[in-house]
Amino acid sequence: MPGTLELEVTTLDTPRPGLRIVARDGEGSEGVGEGFPLVERGGEDLSAALGWIEALELSGDPLARAREAHALLGPDYPVATFALECALLALAAARAGRPIWALLRGEDPEDDDDPPPVPEHNALLPDDVDLVPAAAAAIAAGFTTLKVKLGRRSFEEELTRLEALRAAVGPRVQLRADVNGAWSLAEAPALLEQLAALELEYLEQPVPAADLPELAASPIPLGADESLADPALADALLESHRAEVWVLKPGALGIHRTLELAMRARAEGLDVVITHAADGAVALEHARQVARALSPFRLACGLQPEPG
């Protein structure tokens, strides 16, 4: 068939299992995409996703097919959708001789010579080290925003570590933290009050995803991450305004779903941060292309490789 697009799909036998897709046209161009389900959050059935993708018969414009990827695979396969979008977008970019971010922005090719700014990134401090010297090294490397993971120690120990970190870096460095839903809805208000003096830029996902829209008003700006994977919860967050920052992972949501959520959030005056899902190099680069397409940002994105 004229214009047929060939998909080569393989699973990646890596410490964190993934999916790799190579999209090719009949003229020698190709694009590569990868996706890595978050196993600790339930993951995704890679074998079923692989079967769905192998059964696809695609032709025509790879950019148009990338926009249809979510409809082709359905809501149960966001990571596979991301991998397919990446492969098709990379193929479209190779055929057009243009960067992926420009295709996503829908700009005229003449605008490629005036690219949007590269987003600033935060530095994620390792959880198993002394935060103060780790912060000093990150600041020396040029970072002005630091992120810390919480919920893995007693709150008293984490508060002590954060107080020492704030005292060491001073008020000019932005601090943000991610609880990964470790606090209960009942305990969160008191813990947020204790953190208020630290002037965090925002605190990400303090309670489980389903509880975030119900959380009482917070003295610290809150960020949503896991909650945004559920369309109903995203709608509830827009209604409740319980999250002033939407932290979007293209590798977990899919590219066009990420773009849709970013537009909705910004229309409501919310901040958007693009980050990765502990992806491999190929997936991480595509996440950076998504961030470039949405640039500029008021807050730093989280697209540095994870420490360690």
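**Exercise 1.** In this predicted model, decide whether Asp-113 is buried or exposed.

*Solution.* Take the relative accessibility of Asp-113, which is 71%. The cut-off for exposed is over 50%. Asp-113 therefore counts as exposed. Next, place the residue: Asp-113 lies in the loop between helix 5 (100–105) and strand 5 (123–124). Finally, look at its neighbours in charge. Asp-113 gathers with Asp-108, Glu-110, Asp-111 and Asp-114 in a patch of negative charge on the surface.

**Exercise 2.** Glu-199 and Gln-205 both have positive phi. Find where each one lies, and classify each as buried or exposed.

*Solution.* Start with Glu-199. Its phi is near 55°, and the residue is not glycine. Glu-199 sits in the loop between helix 8 (188–195) and strand 8 (202–204). Its relative accessibility is 57%, so Glu-199 counts as exposed.

Now Gln-205. Its phi is near 45°, again in a residue other than glycine. The loop between strand 8 and strand 9 (222–224) holds Gln-205. Buried means under 20%. At 1% relative accessibility, Gln-205 counts as buried.

**Exercise 3.** Identify the residues joined by a cis peptide bond with omega of about 10°.

*Solution.* The bond joins Ser-295 and Pro-296. Pro-296 belongs to the segment after helix 12 (281–294).

**Exercise 4.** Work out how compact the protein is for its length.

*Solution.* Count the elements: 12 helices and 11 strands. The radius of gyration is 20 Å, close to the 19 Å from the globule rule for 308 residues, so the protein is as compact as a globular protein of that length. The C-alpha atoms fill a box of roughly 65 × 40 × 40 Å along the principal axes. Of the 308 residues, 53% are buried.

Conventions. Residues are numbered from 1 along each chain as its sequence is written. This is a predicted model: local features need pLDDT of at least 70, side-chain atom pairs count only at pLDDT 80 or more; totals for chains, interfaces and linings use all residues. Side-chain values use heavy atoms; hydrogens and water are left out. Patches are made of residues with over 30% relative accessible area and no salt bridge: like charges are joined within 9 Å, nonpolar side chains (Val, Leu, Ile, Met, Phe, Trp, Tyr) within 5 Å. Accessible areas come from the Shrake-Rupley method with a 1.4 Å probe; for residues, only the protein chains shown count as cover. A salt bridge is a side-chain nitrogen of Lys or Arg within 4 Å of a carboxyl oxygen of Asp or Glu. Lys and Arg count as positive and Asp and Glu as negative; His and the chain ends are not counted. The place of a charge is taken as NZ of Lys, CZ of Arg, CG of Asp or CD of Glu. Helices (H or I, at least four residues) and strands (E, at least two) are DSSP runs, numbered from the N terminus. Buried means under 20% relative accessible area, exposed over 50%, partly exposed in between (1.4 Å probe, protein chains only). The radius of gyration is taken over C-alpha atoms; the globule rule is 2.2 Å times the number of residues to the power 0.38.
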